[in-house]
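Reader: I have a chain on the screen and some questions about its helices, pocket and surface. Can we take them in turn?

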Amino acid sequence: MSENPPKAFEKIARQHSRRGILSEAWGFLRDNKKWWLLPIAIVLLLFGILVLLAGTGAAPFIYTLF
């Protein structure tokens, strides 16, 4: 019994198996034209950075901004 030839999506999956999460997200935004998600992702990223910095020695400086 011979194997079936690989399908197109299997070829693409093998080519892009080393992509990181940022390149996957960028590819999704570019290919699907979901540009309205970009500002949401940026705000969530900035909020996450703010939360992480709030637990460090930078907290007194962050609190003076608000």
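Reader: In which helix is W26 found?
Author: A word first: this is a predicted model. The chain has four helices and zero strands, in the pattern α-α-α-α. W26 is found in helix α2.

Reader: Is W26 buried, partly exposed or exposed?
Author: Buried needs under 20% relative accessible area, and exposed needs over 50%. W26 has 43% relative accessibility, so W26 falls in between. The class is partly exposed.

Reader: How far apart in space are W26 and L38, C-alpha to C-alpha?
Author: In sequence, W26 and L38 are twelve residues apart. Both residues line the largest pocket. Their C-alpha to C-alpha separation is 9.3 Å.

Reader: Which elements give two or more residues to the lining of the largest pocket?
Author: The lining is L22, A25, W26, F28, L29, L37, L38, A41, I42 and L45. Two helices give two or more of these residues: α2 (21–32) and α3 (37–54).

Reader: How do the lining residues of the largest pocket divide into nonpolar, polar and charged?
Author: The lining includes leucines such as L22 and L45, along with W26 and F28. Leu, Trp and Phe count as nonpolar. The full division is ten nonpolar, no polar and no charged.

Reader: What volume does the largest pocket have?
Author: Rolling a probe the size of a water molecule over the atoms shows where empty space is left. For the largest pocket, the volume is about 260 Å³.

Reader: Which side chains meet in a salt bridge?
Author: Side chains of opposite charge can pair when their charged atoms come close. The structure holds one salt bridge. Its N to O distance is 3.6 Å, and the cut-off is 4 Å. The partners are D31 and R30.

Reader: Of D31, is the class buried, partly exposed or exposed?
Author: Its salt-bridge partner R30 is partly exposed, at 41% relative accessible area. D31 has 54%. The cut-off is over 50%, so D31 counts as exposed.

Reader: Where is the place of K33?
Author: K33 has a positive phi of about 55 degrees, although it is not a glycine. K33 is also exposed, with a relative accessible area of 62%. Its place is in the loop between α2 and α3.

Reader: Which residues make the nonpolar surface patch of about 460 Å²?
Author: Take L46, one of them. L46 lies in helix α3 and counts as exposed, at 52% relative accessibility. The patch is made by I42, L45, L46, I49 and L53.

Reader: What share of the area that the chain exposes do carbon and sulfur atoms supply?
Author: Of the 66 residues of the chain, 6% count as buried. The chain exposes about 6300 Å². Carbon and sulfur atoms supply 70% of it.

Methods:
Residues numbered from 1 in each chain as written. Predicted model: local features only at pLDDT ≥ 70, side-chain atom pairs only at ≥ 80, totals over all residues. Heavy atoms only, no water. 1 Å grid on protein atoms, 1.4 Å probe; cavity = no way out; pocket = protein on both sides within 12 Å on 5 of 7 lines; lining within 4 Å. Points joined across faces, edges and corners; volume = space filled by probe spheres on them. Buried < 20%, exposed > 50% of the residue type's maximum accessible area, 1.4 Å probe, protein only. Patch = residues over 30% accessible without salt bridge, like charges linked within 9 Å, V, L, I, M, F, W, Y side chains within 5 Å. Areas by Shrake-Rupley, 256 points an atom, 1.4 Å probe, with all protein chains shown as cover.
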